[in-house]
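Trainee: I have a model open and a few things to ask. Can we go through it piece by piece?
Mentor: Go ahead.

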Amino acid sequence: MTIHHHPSDVMLAAFAAGTLDPGERMAIATHLSTCARCRAFVDDMEYVGGVMLDDLPPAAMPAGSLAEVMERLDEPASRTIQVAPSSDLDDVPGLPDLVRRCRAGDWKWIAPGVHVRPIIVPEDSPTRVFLLKAAPGTRVMQHSHTDLEMTCVLTGAYTHDGTRYGPGDFDIGEEDDDHKPLVEQGEDCICLVAMRGDIRLSGLLGQLMQPFVRM
Amino acid sequence: MNANGKPVEDAAPWNRLIEAVAVSQDREAFAALFEHFAPRVKTYMLRSGANNASAEEVAQETMLSVWRKAALFDPSSAGAAAWIYTIARNLRIDAMRRERTGSARELGDEIEETVDDSPAPDSRLAAVQSEQRVRAAMAQLSDEQIRVIELSFFEEKAHAEIAEQLKVPLGTVKSRLRLAMGRLRTLLGDLS
Ligand SMILES: [Zn+2]
């Protein structure tokens, strides 16, 4: 698959730095699961993190701290709880483990040709995550009240301001964007969307419903 | 040479110490790793807004993970500092999650969950080479660019707060960060 649209360098670096919120992290991880180019950059940014860690001025650990850890070295290693992936999202292609582990709601019809399916982010996140499925030929008029919107195309494709977004592509919308993407003929377009803003879920469905118009 | 003028050969000995831990549970090697990295992880956590006690806890847990996961460390695909950095970073994400969810689970319980979708090994250059390349690229950034990248990596601050700290407008922080990252990408590309 040829990927033409990527998250910004700053976003990829924030992913490597671990400073994204949980919802944003899912969107970037989704892109990374199919984009070798961005993975390589994140990889480099982890080296940057390592170099900077190495160069940080040390802060003294308390006396006895090493001894404490030494005593724990022989503890059985597996306090680790392996969280089994939820199977809710098994039918959706192109999702990374980080997302596949999550529970998801059911597909809900919100407008002709358009369904959404919430993904349950397992902790408080200012960014909400959901799947959006639009039938071929649908014009998705999305007027958004959000600060930021990240869209990862999983299947199908849409055109937005003359630019085509296909599987693997990453589309970023900001507040003043006037979104009117048109879904390409062929297959359903399924996207993972991470959206930050003031919209509560019920409100979101309501808000989404209104602006979706079928051509 | 890195940004502070240290020789780049610094990296390899840490790799050998991790291998010694993996191969022969070498406690002296572990102690040497601890002495170097634990105080730096502590600084990282303090700058991320942790209090002293949790910064020390994360530093200890990070080193414990280094001990337990040493066998998973592949010196041909990861540099020691980058590897330890990602462990500490994941524990930090984990600690923040526990804060948000009020989870009673202990720090370190969920490390497996936090691992990111790691790069395919074949997309990496040899680790030492990667680290040298990154150091060489960073050495060409201005102090101001290093500073803004460092702030975005290590300080849990909104760009607005960074702006205040640097006494420049918010837009300036964003554009400085964007420019610094763009420059870094170009330099890394030229060096690969
Ligand atoms: Zn990409």
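Trainee: Which side chain of opposite charge is nearest to A:Asp171, and how far away is it?
Mentor: That is A:Arg139, 12 Å away; A:Asp171 is buried and has no salt bridge. Buried means under 20% relative accessible area, exposed over 50%, partly exposed in between (1.4 Å probe, protein chains only). A salt bridge is a side-chain nitrogen of Lys or Arg within 4 Å of a carboxyl oxygen of Asp or Glu. For charge, Lys and Arg count as positive and Asp and Glu as negative, while His and the chain ends are not counted.

Trainee: What kind of model is this, and how are things numbered?
Mentor: It is a predicted model, where local features need pLDDT of at least 70 and side-chain atom pairs count only at pLDDT 80 or more, while totals for chains, interfaces and linings use all residues. Residues are numbered from 1 along each chain as its sequence is written, chains are lettered from A and ligands numbered from 1 in the order in which they are written, and side-chain values use heavy atoms, with hydrogens and water left out.

Trainee: Back to A:Asp171. Which element is it in?
Mentor: Strand E9 of chain A, residues 170–174. Helices (H or I, at least four residues) and strands (E, at least two) are DSSP runs, numbered from the N terminus.

Trainee: And which side chain does A:Asp171 meet at 2.7 Å?
Mentor: The side chain of A:Tyr158, in a polar contact. The side chain of A:His160 also makes a polar contact with A:Asp171, at 3.4 Å. The term covers a pair of N or O atoms within 3.5 Å; within protein, one must be able to donate a hydrogen and the other to accept it, and residues adjacent in sequence count only if both atoms are side-chain atoms.

Trainee: New topic. What is the phi of A:Asp161?
Mentor: Positive, about 50°, although A:Asp161 is not a glycine. Most residues other than glycine have a negative phi. A:Asp161 sits in the loop between strands E7 (158–160) and E8 (163–165) of chain A, and counts as exposed because its relative accessibility is 71%.

Trainee: Where is B:Gln25?
Mentor: In the loop between helix H1 (11–24) and helix H2 (27–47) of chain B. B:Gln25 has a positive phi too, about 45°.

Trainee: How many helices and strands does chain B have?
Mentor: Nine helices and zero strands. Of its 192 residues, 51% count as buried.

Trainee: Now the interface. How much area do chain B and chain A bury between them?
Mentor: About 6,300 Å², 59% of it on carbon and sulfur atoms. Buried area is the accessible area (1.4 Å probe) that two parts lose on being put together, summed over both. On the residue level, 74 of chain B are in contact with 58 of chain A, contact being heavy atoms within 4.5 Å.

Trainee: How many salt bridges cross it?
Mentor: Eight between chain B and chain A. A:Asp9 and B:Arg185 form a salt bridge, with the closest N and O atoms 2.8 Å apart.

Trainee: Where does A:Ala17 fit in?
Mentor: A:Ala17 belongs to helix H1 of chain A, residues 9–17. It is buried because its relative accessible area is 1%. Beyond neighbours within four places in sequence, its contacts include B:Tyr44, B:Arg89 and B:Phe153.
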